[in-house]
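Subject: Structure handover

Hello,

Here is the structure for you to look over. My notes follow below.

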Amino acid sequence: MSEEKKPYELLGGEPVLRRLTQRFYEIMDTLPEVQGIRRMHPENLRGSEEKLFMFLSGWLGGPNLFMERYGHPRLRMRHFPFKIGKSERDQWMLCMVQAFDELNIAEPLRSELLHSLLRLADHMRNLEETQD
């Protein structure tokens with residue numbers, strides 16, 4: 001009897017996750033529509049890219065790299081210094097959707113992961129505004 005594969009494995013493991021996070025930040029660095037969230041990041045995105053890779057590795061059921069290095073992610077606390085509303089959530093998701101599409105992540109994994117990432121991105125919102 002085989003164990004059910006984790007999303008990390010279904011995605012393609014480390015090589016695909018590295019390419020996904022790399023492409024995510026390339027998109028953020030170049031797409032005019034997402035310059036609001038780009039300005040929240042340091043000029044050099046390499047550290048942000050590595051942290052996202054490490055976080056997503058564990059979040060997807062792969063090696064728990066972020067926790068091993070930094071401890072519990074405490075995502076809301078770590079993002080609290082930044083003003084995050086619907087617009088910032090949507091800009092972040094635009095980068096992620098485009099990265100998924102460019103890497104040809106297959107259904108149903110694509111929709112399942114993007115839905116989960118949307119919930120995660122929505123959880124980061126900290127501005128008082130109408131919820132939707």
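Is glutamate 49 buried or exposed? Glutamate 49 is buried, at 14% relative accessibility. The cut-off for buried is under 20%. Please keep in mind that this is a predicted model.

Overall fold

The chain has eight helices and zero strands. From the N terminus on, the order reads α-α-α-α-α-α-α-α. The C-alpha atoms fill a box of roughly 50 × 30 × 30 Å along the principal axes. The radius of gyration is 15 Å. That agrees with a compact globule of 132 residues, for which a value near 14 Å would be expected. Of the 132 residues, 37% count as buried.

Salt bridges

The structure holds 13 salt bridges. Three pairs follow.

- Arginine 46 and glutamate 49: their side chains meet at 3.0 Å, N to O. Both sit in helix α4, three residues apart, so about one helical turn separates them. Arginine 46 is partly exposed, with a relative accessible area of 44%, whereas glutamate 49 is buried.
- Arginine 89 and aspartate 90: the N to O distance is 2.8 Å. Arginine 89 counts as buried because its relative accessibility is 10%. Aspartate 90 is partly exposed at 39%.
- Aspartate 122 and arginine 125: the closest N and O atoms are 2.9 Å apart. Aspartate 122 is partly exposed, with a relative accessible area of 29%. Arginine 125 is buried, at 6% relative accessibility.

The pair in helix α4 does not stand alone. Arg46 and Glu49 belong to a network of salt bridges that also links Glu14, Arg18 and Glu50.

Surface charge

Which residues gather in a patch of positive charge on the surface? They are Lys51, Arg69, Arg74 and Arg78. Lysine 51 lies in helix α4, which covers residues 46-59. At 40% relative accessibility, lysine 51 counts as partly exposed. A patch residue needs over 30% relative accessible area and no salt bridge, so lysine 51 at 40% passes the area cut-off.

Where to look

Helix α4 is a good place to begin. Lysine 51 of the positive patch is there, and so is the pair of arginine 46 and glutamate 49. Then turn to the other two pairs: arginine 89 with aspartate 90, and aspartate 122 with arginine 125.

Best wishes

Technical notes:
Residues numbered from 1 in each chain as written. Predicted model: local features only at pLDDT ≥ 70, side-chain atom pairs only at ≥ 80, totals over all residues. Heavy atoms only, no water. Patch = residues over 30% accessible without salt bridge, like charges linked within 9 Å, V, L, I, M, F, W, Y side chains within 5 Å. Areas by Shrake-Rupley, 256 points an atom, 1.4 Å probe, with all protein chains shown as cover. Salt bridge = Lys/Arg side-chain N within 4 Å of Asp/Glu carboxyl O. Lys, Arg positive; Asp, Glu negative; His and termini not counted. Charge placed at Lys NZ, Arg CZ, Asp CG, Glu CD. Helix = DSSP H or I, 4+ residues; strand = E, 2+ residues; numbered from the N terminus. Buried < 20%, exposed > 50% of the residue type's maximum accessible area, 1.4 Å probe, protein only. Rg over C-alpha atoms; globule rule 2.2 N^0.38 Å.
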